[in-house]
Structure formats: C-alpha cells, structure tokens
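Work through the exercises below with the sequence and the model side by side. Try each task before you read its solution.

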Amino acid sequence: MTPPPPPPRRTITWIAGGVFACATAVVFWVVAVSSASSGAASVLIGPLDELSLLTLSVLLAFGSLGVGLWSIEAPRRMLPLKVIGVVLATCAGALAALAAVFTVDANVTPVLHRGCDTGYVVVERSFLMGSSGTVYRQDGAFIVTQVGWSSGDNGHQPFSMGGYAVTEERGMLTVSYAVNRPVASTGVTAGSGTSLSLPVLDDRSPQCGLHTARSADQAPYPPIPSPETEKLTVENVDGAMREMIGASFDAAAGVAVDASGAPLDSSSLPLSSTPCTEGPGTQREVQIAFRTDDNSRSLERILAVWDQAGYAKDRAMQEDIRYSESLPVARVGIKDTSSLDGLIHLTSTSVCIPPA
C-alpha cells in the first residue's frame with residue numbers, strides 16, 4: 001500500500017496558527033492574573049505552575065510560529081524574510097526549550113493534615129545542591145496565592161518526599177519540615193528542621209482519605225514541639241485585641257481618626273468587660289467609630305487583615321463579620337455608615353475568659 005499523502009501546507013499553517021493562538025492566550029492569561037493581583041496570585045494547573053506554563057507556552061508559540069512560517073508559500077522576493085523569520089523563531093524556540101529543562105521539572109504537593117487536604121500546596125524545584133519551594137493557598141480551580149516559602153539542602157525536597165508534619169492549634173497550622181534528608185534507618189535528621197505557620201482555612205470542605213507520598217529512604221519527620229497553650233487572661237486577651245485593631249488601623253487608607261478628628265491609637269483604646277453569655281467568666285469588648293481618607297477602601301483593607309489572620313466570613317444587617325472559635329478575639333463586626341455620619345463603626349468581642 002502506498003503511504004497517505006502528506007497534509008497540504010495550508011492545513012499545517014492552520015494547525016500551527018491554532019497552536020500559536022492557544023499558547024499566546026495562556027501567556028496573556030497567566031500574566032493578567034499576576035498583574036491584577038500585583039504578583040500575589042498566580043495560575044496552577046495540575047503539576048504546572050506559573051513558571052512552567054509560561055515556559056511551555058513560549059516554547060509552543062515559537063515552535064508553531066516557525067512551522068507556520070515554513071509552511072506559508074511566499075513569493076521569491078519575500079523568501080529572504082521568510083528564512084530569517086524561520087531562523088529567528090527556531091532560535092527563540094531552542095532557548096525556550098533550554099529554559100523548560102530547568103523550570104518544568106517541579107513537584108506539586110498538597111499539604112495534608114490527618115489525611116485531609118488543608119487547602120495549601122507546595123511547588124518545589126531543585127537546582128545544583130539546593131532546592132526551594134513556594135507555598136500557595138488554593139483560591140479556586142486554577143488560581144492560587146503565594147503565602148510562604150520552603151527550602152532544602154543537597155537537593156532535598158521535604159514536601160514531595162513526605163518529610164513534613166502538620167499540627168493544628170488555635171486556628172493555626174504549624175507545618176514542620178526537614179531541611180535535609182532524614183536517615184530512614186535511624187529517623188535522625190542530618191541537619192536542622194524549620195516550620196511554617198499558616199491559618200486554618202475554615203471556609204472550605206476538605207477532601208479526606210488522602211495519604212502523604214513518602215520516598216523509600218524517607219523517615220517520618222517529627223513535628224517541632226509546640227509551646228504550651230497560653231492561659232487566657234484579661235491581659236493577654238487585651239493584647240491580642242489591641243494587636244488586631246492596631247493592624248486594622250495600619251491597613252486603613254490614611255490615618256484613622258475619631259469623630260472629632262483625633263488620631264486613634266490601639267494601645268489606648270478603652271476595653272470594657274461583659275459577662276459571658278454561656279458559663280462563668282467575662283468577655284472583653286471594644287466599640288470604635290472612626291473615619292479615614294477613604295472609608296470604602298479602608299473597609300476592604302481592614303477585612304483583608306482579619307481574613308489573613310484566619311477568621312471566617314459572615315454578613316448580617318449590612319454588617320461585615322469576622323469570627324473565630326479558637327482565637328482570642330472571637331468576633332468583629334464592621335459597618336460603613338459613611339452616607340449617614342461619615343464613619344466606620346467597629347465592634348469587637350473576645351472569647352470568654354474563665355474566672356481566675
């Protein structure tokens with residue numbers, strides 16, 4: 001049987017054009033996501049992070065461009081330009097292929113706790129005798145936000161090799177990992193360990209029944225011991241409340257001032273005590289009315305501070321609410337009444353402090 005005839009050049013041109021268009025669209029999408037978030041958010045599709053996607057897309061774009069230019073029938077006078085275009089596209093594709101060798105080889109590992117995913121993933125790469133990792137929070141099917149870094153010596157990738165442990169306490173995850181490879185026969189780590197602190201993501205449904213992938217020579221890494229839980233007292237609860245409110249003021253657009261125009265200082269805010277609604281003890285409470293240079297923008301920034309601290313979201317009666325069942329500050333409610341009095345009203349309540 002005679003082999004089938006090769007596809008006509010026009011078909012090759014259309015295929016190359018389609019590949020070029022798709023690759024270019026991916027590049028614009030990845031760049032747009034990063035630019036819209038000032039570099040905080042990025043794209044993660046399966047094992048391909050932002051760097052891998054950009055490298056592969058550029059490789060496909062220049063490769064298809066070279067094929068497309070080669071397949072186009074050009075008049076004799078345009079032949080030199082065609083040859084130059086093919087050569088330039090081929091050279092650029094070769095450089096992209098070289099870059100792909102160093103960027104595409106990345107390991108994407110979900111961070112697990114008690115067999116359930118935590119909503120965080122780590123992308124690790126090794127180069128020469130070192131390795132580095134980027135910790136992302138999963139915000140959507142393909143969108144992630146960078147929240148931390150990890151590192152390893154001698155090419156050790158602790159997360160992809162299963163050399164990490166996770167503990168949870170008071171709404172925070174402590175992710176401990178070995179910088180160097182532990183010795184499986186002894187369980188001793190040749191080097192130091194370190195840890196990351198990440199807020200628990202309560203506003204999601206975790207996928208459970210998962211297992212940590214551990215290499216054959218990787219011993220389980222013991223978690224770094226956590227300090228004893230601090231006893232709740234009026235003093236440390238007040239400190240936690242003033243710290244969060246101070247961070248809220250710092251995030252506002254401009255200086256936060258009261259109704260008379262005097263600047264507000266979280267360290268001098270009056271906190272009151274009220275009886276706990278359930279059981280003995282007291283709760284600390286603060287009510288503040290203030291304004292900023294841009295109340296609407298300040299409200300968004302302040303809510304973001306509480307979100308990043310691990311508080312869950314709620315809303316009722318035109319009031320934005322952030323709450324936690326494990327942190328010293330149990331609840332904060334913020335209402336923007338700029339159209340009425342030009343102020344933002346913030347009310348915060350602590351957890352119940354048991355009697356001494």
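**Exercise 1. Find the contacts of Ser-266, then place the residue and classify its exposure.**

Step 1. Leave out residues up to four places away in sequence; Ser-266 then touches Arg-242, Ile-245, Gly-246 and Phe-249. Contact means heavy atoms within 4.5 Å.

Step 2. Ser-266 sits in the loop between α4 and β11 (272-275). Helices (H or I, at least four residues) and strands (E, at least two) are DSSP runs, numbered from the N terminus.

Step 3. The relative accessible area of Ser-266 is 14%, so Ser-266 is buried. The cut-offs are under 20% relative accessible area for buried, over 50% for exposed, and partly exposed in between (1.4 Å probe, protein chains only).

A note on the ground rules. This is a predicted model, where local features need pLDDT of at least 70, side-chain atom pairs count only at pLDDT 80 or more, and totals for chains, interfaces and linings use all residues. Residues are numbered from 1 along each chain as its sequence is written, and side-chain values use heavy atoms, with hydrogens and water left out.

**Exercise 2. Describe the protein chain as a whole.**

Step 1. Count the elements: the protein chain has five helices and 16 strands.

Step 2. Look at burial. Of the 356 residues in the protein chain, 38% are buried.

Step 3. Take the contacts with a separation of 6 or more. Residues 24 or more positions apart account for 57% of them.

Step 4. Turn to the surface. The accessible surface comes to about 19800 Å², and 61% of it belongs to carbon and sulfur atoms. Accessible areas come from the Shrake-Rupley method with a 1.4 Å probe; for residues, only the protein chains shown count as cover.

**Exercise 3. Is Ser-150 buried or exposed, and which residues is Ser-150 in contact with?**

Step 1. Locate Ser-150 in strand β5 (residues 143-153).

Step 2. Read its accessibility. Ser-150 counts as buried because its relative accessibility is 6%.

Step 3. Set aside neighbours within four places in sequence. Ser-150 is then in contact with Val-122, Glu-124, Ser-132, Gly-133, Phe-159 and Tyr-177.

**Exercise 4. Trace the salt bridges.**

Step 1. Fix the rule: a side-chain nitrogen of Lys or Arg lies within 4 Å of a carboxyl oxygen of Asp or Glu. By this rule the count is six.

Step 2. Start with Arg-284 and Asp-238. Their closest N and O atoms are 2.8 Å apart. Arg-284 lies in strand β12 (residues 282-290) and Asp-238 in helix α4, so the pair ties together parts that are 46 residues apart in sequence. Arg-284 is buried at 12% relative accessibility, and Asp-238 is buried at 11%.

Step 3. Move to Arg-137 and Asp-139, whose side chains meet in a salt bridge (2.8 Å, N to O). Arg-137 is partly exposed at 26%. Asp-139 is partly exposed at 42%.

Step 4. Now take Arg-315 and Asp-320, joined by a salt bridge of 2.9 Å, N to O. Arg-315 is partly exposed, with 48% relative accessible area, whereas Asp-320 is buried at 15%. Elsewhere, salt bridges that share partners join Asp-307, Lys-313 and Arg-322 into one network.

**Exercise 5. Which residues form the negative surface patch, and which make the nonpolar one?**

Step 1. Set the rule. Patches are made of residues with over 30% relative accessible area and no salt bridge; like charges are joined within 9 Å, and nonpolar side chains (Val, Leu, Ile, Met, Phe, Trp, Tyr) within 5 Å.

Step 2. Glu-168, Asp-202, Asp-203 and Glu-325 form the negative patch. Lys and Arg count as positive and Asp and Glu as negative; His and the chain ends are not counted. A charge is placed at NZ of Lys, CZ of Arg, CG of Asp or CD of Glu.

Step 3. Check one member. Asp-203 is in the loop between β10 (193-199) and α4 (234-251). With 60% relative accessibility, Asp-203 counts as exposed.

Step 4. Ile-15, Val-19 and Leu-60 make a nonpolar surface patch of about 260 Å². Ile-15 belongs to helix α1 and is exposed at 52% relative accessibility.

**Exercise 6. Relate helix α1 and helix α2 to residues distant in sequence.**

Step 1. Phe-28 is in helix α1 (residues 9-36) and is exposed at 59%. The C-alpha atoms of Phe-28 and Leu-54 are separated by 9.3 Å, with their positions 26 residues apart along the chain.

Step 2. Leu-56 is in helix α2 (residues 50-71) and is partly exposed at 28%. Leu-56 and Ala-23 are 33 residues apart along the chain, and their C-alpha atoms are separated by 8.3 Å.
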